Amino acid sequence: MKRAILSVLTVAATAVIVTPAVQAFEPTVSLQARRLEQLDTQSKAVTNIQTERLNHLDTQTKAVTNIQSTRLDFLNNQTKAVEDIQAERLFHLDTQTKAVSNIHATRLEFLSNQTKAVEDVQAARLDALDARTKAAQ
C-alpha cells in the first residue's frame, strides 16, 4: 500500500510539476508564432516599400532620360538651324562677291573701252595734225 500511495503521490507531483511546464511551453510556441507572423509582415512591408522605391527611382530615371533626350533634340535642332543660317549667309556672301566681281569687270571693260576711244581720238587728232603738217609743208 505504501507503494500505491507513493506511486499516486509521484504521479500527482509529476502532474503538478509538468502541467505548468507544458502550459508555459504552449504560450512560448504561440508567442514565437506571433513573432514569426510579425516578422513576416514586416519583411513583406519592407519588400513592398523597396519595390515602391525602385519603381519611383525607375520612373525618375525614365523622366530624366526623356528630359535629356528632349534637350538633345532641341540642341540638335538649334545646331541644324545655325548651320542652315551660316550656309545661307555664305551663299549670300558668295553671291555678293560674284556681283562685285561682275561690277568690277564691267567697270574695267568700260574704262578699257574709254581708254581705247581716247586713244583712237588722240590717234585721229595726231593723224589730222600730221595731215595738216604735211599739207602745210
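This briefing describes the fold, the salt bridges and the surface of one protein model. The model is predicted. The protein has one helix and zero strands, and the helix, α1, covers residues 2–136. Of its 137 residues, 0% count as buried. Three salt bridges are counted, and a nonpolar surface patch is made by Leu 72, Phe 74 and Leu 75.

**Overall fold and surface**

- Helix α1 runs over residues 2–136, and the protein contains zero strands beside this one helix.
- The surface exposed by the protein comes to about 12,700 Å², of which carbon and sulfur atoms supply 62%.
- The share of residues that count as buried is 0%, out of 137 residues.

**Salt bridges**

- The count of salt bridges comes to three.
- Asp 40 and Lys 44 form a salt bridge through their side chains, with an N to O distance of 3.5 Å. Asp 40 and Lys 44 are separated by about one helical turn, because they stand four residues apart in helix α1.
- Asp 40 has a relative accessible area of 38% and is partly exposed.
- Asp 58 is joined to Lys 62 by a salt bridge, in which the closest N and O atoms are 3.4 Å apart. Both residues belong to helix α1, where Lys 62 and Asp 58 are four residues, or about one turn, apart.
- Asp 58 is partly exposed, and its relative accessible area is 38%.
- Asp 94 and Lys 98 meet through their side chains in a salt bridge of 3.5 Å, taken from N to O. Helix α1 holds both Lys 98 and Asp 94, with a spacing of four residues, about one turn of the helix.
- Asp 94 counts as partly exposed, because its relative accessibility of 37% falls between the limits of 20% for buried and 50% for exposed.

**Nonpolar surface patch**

- Leu 72, Phe 74 and Leu 75 together make a nonpolar patch of about 320 Å² on the surface.
- Phe 74, one of the patch residues, is located in helix α1.
- The relative accessibility of Phe 74 is 48%, so this residue counts as partly exposed.

Conventions
Residues are numbered from 1 along each chain as its sequence is written. This is a predicted model: local features need pLDDT of at least 70, side-chain atom pairs count only at pLDDT 80 or more; totals for chains, interfaces and linings use all residues. Side-chain values use heavy atoms; hydrogens and water are left out. A salt bridge is a side-chain nitrogen of Lys or Arg within 4 Å of a carboxyl oxygen of Asp or Glu. Helices (H or I, at least four residues) and strands (E, at least two) are DSSP runs, numbered from the N terminus. Buried means under 20% relative accessible area, exposed over 50%, partly exposed in between (1.4 Å probe, protein chains only). Patches are made of residues with over 30% relative accessible area and no salt bridge: like charges are joined within 9 Å, nonpolar side chains (Val, Leu, Ile, Met, Phe, Trp, Tyr) within 5 Å. Accessible areas come from the Shrake-Rupley method with a 1.4 Å probe; for residues, only the protein chains shown count as cover.
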